[in-house]
Amino acid sequence: MGRFARSLALAKESYAVLRSNPQLTWFPVVSSMFTILLTISFMVPIYLSLGPKGFDDTKQFPPAYYAVMAVFYLCNYFIVIFFNTALVTCAHSGLSGGKVTFGEGIAMALKRLPSILGWTLIAATVGMILQMISERSGIIGKVVVALVGGAWNLITFFVIPVMVVERTSPVAAIKRSGSMLRTTWGENIIGTGGLGLIFFLLAMIAIIPIVLAFALGGGLIGLVAICGAVVYWLILATLGASLSGIYRTALYVYAATGEVPQAYSSQAMQEAFRQGKPNVINRLRRW
């Protein structure tokens with residue numbers, strides 16, 4: 001309960017930053033729109049790449065499928081990373097009391113385009129390799145892939161803030177991010193997990209009216225309940241993505257400077273990451 005309360009406090013403080021800079025919500029919204037359009041545009045090429053049997057032949061995918069999926073991964077990762085970069089840029093300014101518009105955030109992200117492209121290539125390649133291994137593995141292999149993917153996400157936790165603020169290359173940002181995670185925060189990321197739990201519980205609330213609507217007979221009432229839930233979930237997803245970007249940027253600022261951003265309390269920020277016993281992250285020091 002202490003960890004949950006601390007995460008709730010950090011979420012409220014992140015929301016205060018978002019309220020003072022409401023244009024930050026546009027980045028996940030526009031990113032989602034582009035991602036949906038990209039997915040729709042790739043539906044036909046992906047289907048055709050599977051060959052005459054289409055989606056029925058799922059045991060072994062042809063080379064054309066992986067080629068199309070590689071392009072899809074690159075485009076999808078680029079969209080996400082580009083708008084996350086713009087969001088982190090604006091969030092970093094907001095944490096110091098400044099305000100940056102959506103257009104200014106996009107313009108600043110464009111200035112970091114070479115680094116964004118480099119990080120996109122690295123992240124998409126790792127993601128594609130892990131996906132391919134997972135598809136060809138049994139249960140144990142999938143578990144190993146999930147663990148490796150989790151470790152990779154931890155190591156690269158601060159890559160975008162490092163690229164934005166310190167203006168480093170993607171490779172240097174990965175090394176810097178891994179170093180910050182190992183030496184500053186220890187092993188357990190509590191804050192981000194707490195934020196995820198908060199939004200998961202909030203998302204579950206929408207299931208209640210759906211269940212009640214179908215218990216009363218469904219029909220039009222059920223359809224309205226489902227539509228309302230979808231809208232509610234989209235709003236939650238937008239808020240969650242925005243708060244996550246703000247929170248990650250705030251953690252980076254504290255990790256890099258040792259100073260707590262003015263919008264956050266010292267105790268909650270200092271305990272967002274707790275030092276624990278050595279684990280896989282500590283063993284990756286050799287990297």
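**Notebook: the H3–H4 contact and two residues of H3**

I began with the secondary structure of this predicted model, and I counted 13 helices and two strands in the protein chain.

Before going into detail I looked up the confidence, and I noted that the chain averages a pLDDT of 80, with 82% of the residues scoring at least 70. I then turned to residues 275-287, where the pLDDT is below 50, and I recorded that this stretch nevertheless has 18 contacts in the model beyond near neighbours in sequence.

For the chain as a whole, I noted that buried residues make up 43% of the 287 residues, and that the exposed surface comes to about 15600 Å², of which carbon and sulfur atoms supply 68%. I also looked up how far apart in sequence the contacting residues lie: taking contacts between residues at least 6 apart, I found that 74% join residues at least 24 apart.

Next I examined one helix pair, H3 (residues 63-95) and H4 (residues 102-111), which pack at an angle of about 115° with their axes 8 Å apart. I entered the crossing of H3 and H4 as right-handed. On the H3 side I listed Phe82, Phe83, Thr85, Ala86, Thr89 and Cys90, and these meet Phe102, Gly105, Ile106, Met108, Ala109 and Leu110 on the H4 side. Sorting this contact by class, I obtained nine nonpolar residues, three polar ones and no charged ones.

I then followed Thr85, which lies in helix H3 and belongs to the set of residues that meet H4. Is Thr85 buried or exposed? I entered Thr85 as buried, because its relative accessibility is 2% and the cut-off for burial is under 20%. Setting aside neighbours within four places in sequence, I found Thr85 in contact with Ala109, Ile116, Ile160 and Val164; of these partners, Ala109 is also among the H4 residues listed for the helix contact.

My last entry concerns Ser93, which also lies in helix H3. What does Ser93 touch when residues up to four places away in sequence are not counted? I found Gly98, Lys99 and Val100 as its partners. I checked the accessibility of Ser93 with some care, since its relative accessible area of 19% has to be set against the limit of under 20%, and on that basis I entered Ser93 as buried.

Definitions and conventions: Residues are numbered from 1 along each chain as its sequence is written. This is a predicted model: local features need pLDDT of at least 70, side-chain atom pairs count only at pLDDT 80 or more; totals for chains, interfaces and linings use all residues. Side-chain values use heavy atoms; hydrogens and water are left out. Axes are lines fitted to C-alpha atoms, for helices over the stretch in contact, and angles run from 0 to 180 degrees between N-to-C directions. Helices (H or I, at least four residues) and strands (E, at least two) are DSSP runs, numbered from the N terminus. A crossing is left-handed if the near helix is turned anticlockwise from the far one by less than a right angle, and right-handed if clockwise. Contact means heavy atoms within 4.5 Å. Ala, Val, Leu, Ile, Met, Phe, Trp, Tyr, Cys and Pro count as nonpolar, Asp, Glu, Lys and Arg as charged, and the others, Gly among them, as polar. Buried means under 20% relative accessible area, exposed over 50%, partly exposed in between (1.4 Å probe, protein chains only). pLDDT is the predictor's confidence in each residue, from 0 to 100. Accessible areas come from the Shrake-Rupley method with a 1.4 Å probe; for residues, only the protein chains shown count as cover.
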